[in-house]
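Open the model in your viewer and keep the sequence panel visible. The tour goes from one selection to the next and says what is there.

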Amino acid sequence: MSRHRNVRNLDIDDVMDDGYDEDDYAEEQPMSAEDQAQMDDATEEVKAILAGSKISVKEIQDALWHYYFDVDQTVAYLVEELAKKQKAATAAAAKKNTSTPKLSQSGAATPTHASTKTFSTPKHNDASKAQFTTPATQDDDIVEFLEDDEVPYGQLRFDMSAMNFGSSLKPASAAKKISGTGTKTTSSASGTPLLSTDRSGMSTPVESAPPSGVSTPSKAATKLGKRIDVVTEYQKRVAEKESLNLVVIGHVDAGKSTLMGHMLYLQGEVNEKTIRKHERDAQKIGKASFAFAWVLDETGEERARGITMDVGVTKFETEHRRFTLLDAPGHRDFIPNMISGTAQADVAILVVDSTTGEFESGFDANGQTKEHALLARSLGVQQLVIAVNKLDSVGWSEARFLDIVHRLEGFLVKDASFKKSNLIFVPCSGFTGENLVRRSKTGSICNGSAVTDAPVGESVAKVVQDFAWYRGPTLIQTIDKLDAPTRAVEKPFRMSVTDVFKGAGGVATAGRLEAGHVQVGEAIMVMPGGEMAVVKSMEMNDEPTRWAAAGDSVLLTLSGIELLQVSTGSVLCSRDAPIPVTTHFAAQIVVFDVKIPITVGFPVIMHHQSHNEPGTISKLVATIDKGTGEIVKKSPRHLGKNTTAMVEIKLSGRAIPLETFKDSKELGRVMLRKGGETIAAGIVTKILSYGS
Ligand SMILES: Nc1nc2c(ncn2[C@@H]2O[C@H](COP(=O)(O)OP(=O)(O)OP(=O)(O)O)[C@@H](O)[C@H]2O)c(=O)[nH]1
């Protein structure tokens, strides 16, 4: 029999069947000195990881013995057992009181493992049947509970300016980016109090009962594995180089994927061989001009159709910044994916096609240039780089460039509420590579383009001459200067899940940390279901890592949870301060260019991060003056174009994890769409019902 069989399946009958009898227990012998030393070290490690859980040392050591002192396997096993017990306790509590489901503290904390006895039976050394005896006095040696510090919510401010959805940008100093004093280094995430359920909508810290429908885990069980001082590590990391999430948006076929693929190639992130292969393969299906786009458009369908459908994600670095690049689809059919990608972004590149007639069709009412810009702004993007692309197709015309700048700037400042100083226009060609990373010089082409059928047969000298009017920075120099926003590193942990799949040894969940931090070995909660899981392993930019903080895009492998219990749109959160789930909330919205005025009962599709749920505008509370924030009219009968208003929204399906904008700038924004068009964007001001 393998000694590594799953200890969960052990029971006393099995043990007896395996040839042991009760006399074996009497023959227990002490461990060798070497085993004892290993056991002591491993026990201390597991105790540190599971600090706060009421697991006896005996249970730990029994599991360690079975797993050959493998700490990770032992922790994963024990946490899974804890989660099971909590689940059972929750179900029992729900039976008793279905109106306010809570996780039982005692359920989480009382080790009542059915096979505890079995653990102490001889399994580690089958040959000799030598035993070690866990000292009886340690049975009640419960792993100590760690106290954490609390972060006050009072510092948060609600921004009443209708379109001023974003937080202000802060200078690139690591210390300044973290809210609070920065002197506390322990996990405030797990110590942050629950949000008040009071009906004011202004969430305040309370120590008491959670909102109905929000499961609260036992305090003891929430302190799993805070071993790394993440805040300090985070400060060190940003002091070295800022990390930003950059989304590339724009009308279909504006050249987004080509531009980014070519830039990655010129930056050395993609090698010549790969581009050559893309070129050959693209040529075979008559799409040679898409070779660079294939760096980011990876699926067969995207390549065959020549359009981006899902958000392509990759990473690259400039001199002063680390970027996670999100290549959003431009086609209107994939706006939900574009919203999901942009919701994860800090900054954006809006790509516009300068070709005669093409800029115009992207910019008109049916084009995606305006819609994407409005969505990006409404989703919190403040800094926008506008790549005026395909300038090769208009002979590098300065007049055309200036005309586009003029038209776009007016719209972006007046209608989309971008600050003029946060807009940077860069003329370029994604195809030839001009002005992406460098400029052409007489005698040497800038791009080293691998694509043989360049769209313009012009000489380098001609490009240099025609484009001599531009003296500004290249695209890469421009994005290298973008500021990272202040990250909510010390707030409760939140991660929006953008992808879920069965990973090696657990449920793999991809997404971005919106707030707080997380580390391997930590127990977390999955909302809306309230299931618990433990972070078994973590990857960032394809590299294994032990921790991640707000702003990081990561892949977390979770144990103690089933694949079906997590989905795209789920939010992984701190177990002490779980995110509310709701179907009814108040929001302050800005109405876009609607054809039909919005009335009570107006059906909408509400987009929130990667969720989109049907619902209705259930109440028109008041219209608001965009400038002053004052009420213009109470209970209006309808809302027209450009109106700012307070409304209530009811979802007709499942409850989703949602926060007020005051509590989370990232998770407190919603987009409303109808008939394939975005009709409004808003910020959540109050959760009106908790649970489903
Ligand atoms: N002349 C010229 N053509 C370009 C340039 N950039 C891209 N193209 C072409 O424009 C077409 C669309 O390019 P993509 O990169 O797929 O455009 P996209 O914006 O990513 O498309 P979606 O993601 O599907 O919206 C391809 O045929 C490209 O070769 C450019 O700078 N100059």
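In which helix does V231 lie? Select residues 230-240: this is helix 9, and V231 lies in it. Helices (H or I, at least four residues) and strands (E, at least two) are DSSP runs, numbered from the N terminus.

Before going on, note that this is a predicted model, in which local features need pLDDT of at least 70, side-chain atom pairs count only at pLDDT 80 or more, and totals for chains, interfaces and linings use all residues. Residues are numbered from 1 along each chain as its sequence is written, and side-chain values use heavy atoms, with hydrogens and water left out.

Stay on V231. Its relative accessible area is 2%, so V231 is buried. Buried means under 20% relative accessible area, exposed over 50%, and partly exposed in between (1.4 Å probe, protein chains only). Now add V489 to the selection: 258 residues separate V231 and V489 in sequence, but their C-alpha atoms are 7.1 Å apart in space.

Next, select residues 368-378, which form helix 15. Of its 11 residues, 10 are buried, so the helix is mostly covered. Among the buried ones are Q368, E371, H372 and L375. Step past the end of helix 15 to G380, which has a positive phi, near 105 degrees.

Add residues 335-342, helix 13. Two packed helices are described by the angle between their axes and the distance between the axes. Here the axes of helix 13 and helix 15 come within 10 Å and cross at roughly 35 degrees. Axes are lines fitted to C-alpha atoms, for helices over the stretch in contact, and angles run from 0 to 180 degrees between N-to-C directions.

Which residues of helix 13 meet helix 15? They are I335, M338, I339 and T342, and they meet Q368, E371, H372, L375 and A376 (contact means heavy atoms within 4.5 Å). By class, this contact has 5 nonpolar, 3 polar and 1 charged residues. Ala, Val, Leu, Ile, Met, Phe, Trp, Tyr, Cys and Pro count as nonpolar, Asp, Glu, Lys and Arg as charged, and the others, Gly among them, as polar.

Now select C428 and then C573. C428 has 0% relative accessibility and counts as buried, and C573 is likewise buried at 0%.

Finally, show the whole protein chain. There are 18 helices and 26 strands in it, and buried residues make up 57% of its 692 residues.
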